[in-house]
Amino acid sequence: MQDTPIVDPAPPLPDAYLVLFAPDCVELDESAKHALDGLLGDYKVHRAELVYIDGYYDRSGTEEHADEMSKRMAQVVRNYLVARGIVAASIKLAWHGENDPMVLTEDGVAEAANRSVEIRFTAKRNPLRP
């Protein structure tokens, strides 16, 4: 009888992936694309079920501007992922403008961490494991 080779389990999922954007920019730079491509690899390995995309924006401008920018940034990330194989129906999209920042700041502060999109996903459970 042959021994079945032991396969290393997939590494654990990160809690979240973060893509940063330049001020007043909704284009993905090479660093953002690289991060998203890494996420896509994890998505396939872990056979994700749902993908949560949350857009944030800083408090440097008006509330309306922050809402629009956070929405557009989240949509750009969503479109990138869908174009590379993630099923659009599995994506839950949200944007927070300046109302729910990643980093608390005073009004008028252009905090780089708040110009971001956070991506999380849930992996399918293996029915053979408890």
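**Notebook: loops, sheet and salt bridges**

I began with D24, which I found in the loop between β1 and α1. This is a predicted model, so I keep in mind that everything below is read from a prediction. The phi of D24 is positive, about 50°, although D24 is not a glycine. That caught my eye because most residues other than glycine have a negative phi. Is D24 buried or exposed? I looked up its relative accessibility, which is 53%, so D24 counts as exposed; the cut-off for that word is over 50%.

**Entry: the overall layout**

Next I stepped back to the whole chain. I noted two helices and four strands, and from the N terminus on the elements run β-α-β-α-β-β. The chain has 130 residues, and 32% of them count as buried. I also checked the accessible surface: it comes to about 8200 Å², with 52% belonging to carbon and sulfur atoms. For contacts between residues at least 6 apart in sequence, I read that 82% join residues at least 24 apart.

**Entry: the sheet**

In what order do the four strands sit in the sheet? I traced β1-β4-β2-β3, an open sheet with mixed pairing. At the edges I found β1 (17-20) and β3 (91-95), each of which pairs on one side only. From one strand to the next the twist averages 15°.

A reminder to myself: strands of a sheet pair through backbone hydrogen bonds, either parallel or antiparallel. I looked at two of the pairings here. Strand β2 (residues 48-55) and strand β4 (residues 116-123) run antiparallel and are joined by seven bridges. Within β4, V117 stands opposite G55, and E118 is the bridge partner of D54. On the other pairing, β2 and β3 run parallel, with five bridges between them. There I found Y52 opposite K92 of β3.

**Entry: the helices on the sheet**

Which strands does each helix lie across? Helix α1 (residues 30-46) covers β1, β2 and β4, and I noted that α1 runs at about 10° to β4. Helix α2 (residues 63-83) lies across β2, β3 and β4, at about 160° to β3.

**Entry: E118 and its surroundings**

I went back to E118, which sits in strand β4. Its relative accessible area is 16%, so E118 is buried; buried means under 20%. Leaving out residues up to four places away in sequence, E118 touches A16, Y17, L18, Y52, I53, D54, Y56 and M102.

Two of those names, L18 and M102, turned up again on the surface: together with L20 and V103 they make a nonpolar patch of about 310 Å². M102 belongs to the loop between β3 and β4. With a relative accessible area of 33%, M102 is partly exposed.

**Entry: salt bridges**

Side chains of opposite charge can pair when their charged atoms come close. How many salt bridges does a search of the whole structure find? I got six, and I looked at some of them one by one.

K33 pairs with E30, with 3.8 Å between the closest N and O atoms. Both lie in helix α1, three residues apart, about one turn of the helix. K33 is partly exposed at 28% relative accessible area, while E30 counts as exposed at 60%.

R115 and D58 form another salt bridge, their closest N and O atoms being 2.7 Å apart. This pair links distant parts of the chain: R115 is in the loop between β3 and β4, D58 in the loop between β2 and α2, and 57 residues lie from one to the other. Are R115 and D58 buried or exposed? I found R115 buried, and D58 as well.

R59 forms a salt bridge with E98, the closest N and O atoms being 3.8 Å apart. Here too distant parts of the chain are linked, with R59 in the loop between β2 and α2, E98 in the loop between β3 and β4, and the two positions 39 residues apart. R59 counts as partly exposed at 21% relative accessibility, whereas E98 counts as buried at 7%.

Last, I noted that salt bridges with shared partners join D54, E118 and R120 into one network. That brought me back to the β2-β4 pairing, where D54 and E118 are bridge partners.

Terms used. Residues are numbered from 1 along each chain as its sequence is written. This is a predicted model: local features need pLDDT of at least 70, side-chain atom pairs count only at pLDDT 80 or more; totals for chains, interfaces and linings use all residues. Side-chain values use heavy atoms; hydrogens and water are left out. Two strands pair if DSSP finds at least two bridges between them. Axes are lines fitted to C-alpha atoms, for helices over the stretch in contact, and angles run from 0 to 180 degrees between N-to-C directions. Contact means heavy atoms within 4.5 Å. Patches are made of residues with over 30% relative accessible area and no salt bridge: like charges are joined within 9 Å, nonpolar side chains (Val, Leu, Ile, Met, Phe, Trp, Tyr) within 5 Å. Accessible areas come from the Shrake-Rupley method with a 1.4 Å probe; for residues, only the protein chains shown count as cover. A salt bridge is a side-chain nitrogen of Lys or Arg within 4 Å of a carboxyl oxygen of Asp or Glu. Buried means under 20% relative accessible area, exposed over 50%, partly exposed in between (1.4 Å probe, protein chains only).
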